[in-house]
Amino acid sequence: DYEIENAKWQEGFSKLWQENHEITWEEAEKILGTEENQSLFGYVHQSLIWLDTIKESYANFPLAFAIGLTRYLGFYPNSDNYLPGYCFDLQEGCFFKNLDNKEYALTCNESELFYKLCLASFDEMAALALNNSTRHTLMQAVNNYYQLHVSGFKEMHSADILRNVLR
């Protein structure tokens, strides 16, 4: 039944998000700023409306949401210089031709998928065919990206939640 499956997925996503965003009010203000952030609220609101209305193909949502959220947190990946065969450097936040020796580099294949997720709307990301293993690898990369750019961001410890959410 769609409603039961969707509710289960939303609950899992909510738990995953809460676990990784246990921050104090002061930390939240440091990340988001003390002023009202209408664009951030609008993004979260529209994202949840989209999630609530979709009936299938929402497995990529956590990836697309987390990447899209970086735009409002000030460290959105720079995809302007992407070319096929380039690799994404999580620390620098952009694509480079040769990253064989870089500690925070995605593989070329992962980088291509990461690039597609950066450009995709929620509807387009739903059409990206990612298997569970790739989804998990990319989610770990997104987690690493957050850790490199948000002071105090906690590492995800819920492998079981990730496996269930990203099925």
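This passage walks through how the helices of one predicted model pack together and what sits in its core.

Start with the overall layout. The chain has eight helices and two strands. Going along the sequence, these follow the pattern α-α-α-α-β-β-α-α-α-α, so to speak a pair of strands with helices on either side in the order. Of the chain's 167 residues, 39% count as buried. Looking at contacts with a separation of 6 or more, 63% come from residues 24 or more positions apart.Now for the helix pairs. Two packed helices are described by the angle between their axes and the distance between the axes. Take α4 (residues 61-73) and α7 (residues 132-149): their axes come within 10 Å and cross at roughly 20°. Angles under 35 degrees count as roughly parallel, and α4 and α7 are therefore roughly parallel to each other. Their crossing is left-handed. On the α4 side, the contact is made by Pro-62, Leu-63, Ala-66, Ile-67, Leu-69, Thr-70 and Leu-73. On the α7 side, Arg-135, Leu-138, Met-139, Val-142, Tyr-145 and Tyr-146 take part. Sorted by character, the residues of this α4 and α7 contact come out as 11 nonpolar, one polar and one charged.

Helix α7 also meets α5 (108-119), and here the geometry is another story. The axes of α5 and α7 come within 11 Å and cross at roughly 75°, which makes α5 roughly perpendicular to α7. From α5, the residues involved are Glu-110, Leu-113, Phe-114 and Leu-117; from α7, they are Thr-134, Thr-137, Leu-138 and Val-142. This contact divides into five nonpolar residues, two polar and one charged. Leu-138 and Val-142 of α7 turn up in the contact with α4 and in the contact with α5.

That leaves the core. The largest nonpolar core holds 37 residues, and the members that touch the most others are Trp-50, Phe-114, Phe-122, Met-125 and Tyr-146. Helices α3 (38-53), α4, α5, α6 (122-126) and α7 each supply at least two residues of this core. The biggest giver is α4, with eight residues. Some of these well-connected members have already appeared: Phe-114 is part of the α5 contact with α7, and Tyr-146 belongs to the α7 side of the contact with α4.

Phe-122 is worth a look of its own. Setting aside neighbours within four places in sequence, Phe-122 is in contact with Tyr-43, Ser-47, Trp-50, Phe-61, Ala-64 and Phe-65. One of these partners, Trp-50, is itself among the core members that touch the most others.

Technical notes: Residues are numbered from 1 along each chain as its sequence is written. This is a predicted model: local features need pLDDT of at least 70, side-chain atom pairs count only at pLDDT 80 or more; totals for chains, interfaces and linings use all residues. Side-chain values use heavy atoms; hydrogens and water are left out. Axes are lines fitted to C-alpha atoms, for helices over the stretch in contact, and angles run from 0 to 180 degrees between N-to-C directions. Helices (H or I, at least four residues) and strands (E, at least two) are DSSP runs, numbered from the N terminus. Angles under 35 degrees count as roughly parallel, over 145 as roughly antiparallel, 65 to 115 as roughly perpendicular and the rest as oblique. A crossing is left-handed if the near helix is turned anticlockwise from the far one by less than a right angle, and right-handed if clockwise. Contact means heavy atoms within 4.5 Å. Ala, Val, Leu, Ile, Met, Phe, Trp, Tyr, Cys and Pro count as nonpolar, Asp, Glu, Lys and Arg as charged, and the others, Gly among them, as polar. A nonpolar core is a set of buried Ala, Val, Leu, Ile, Met, Phe, Trp, Tyr and Cys residues joined through side-chain atoms within 4.5 Å. Buried means under 20% relative accessible area, exposed over 50%, partly exposed in between (1.4 Å probe, protein chains only).
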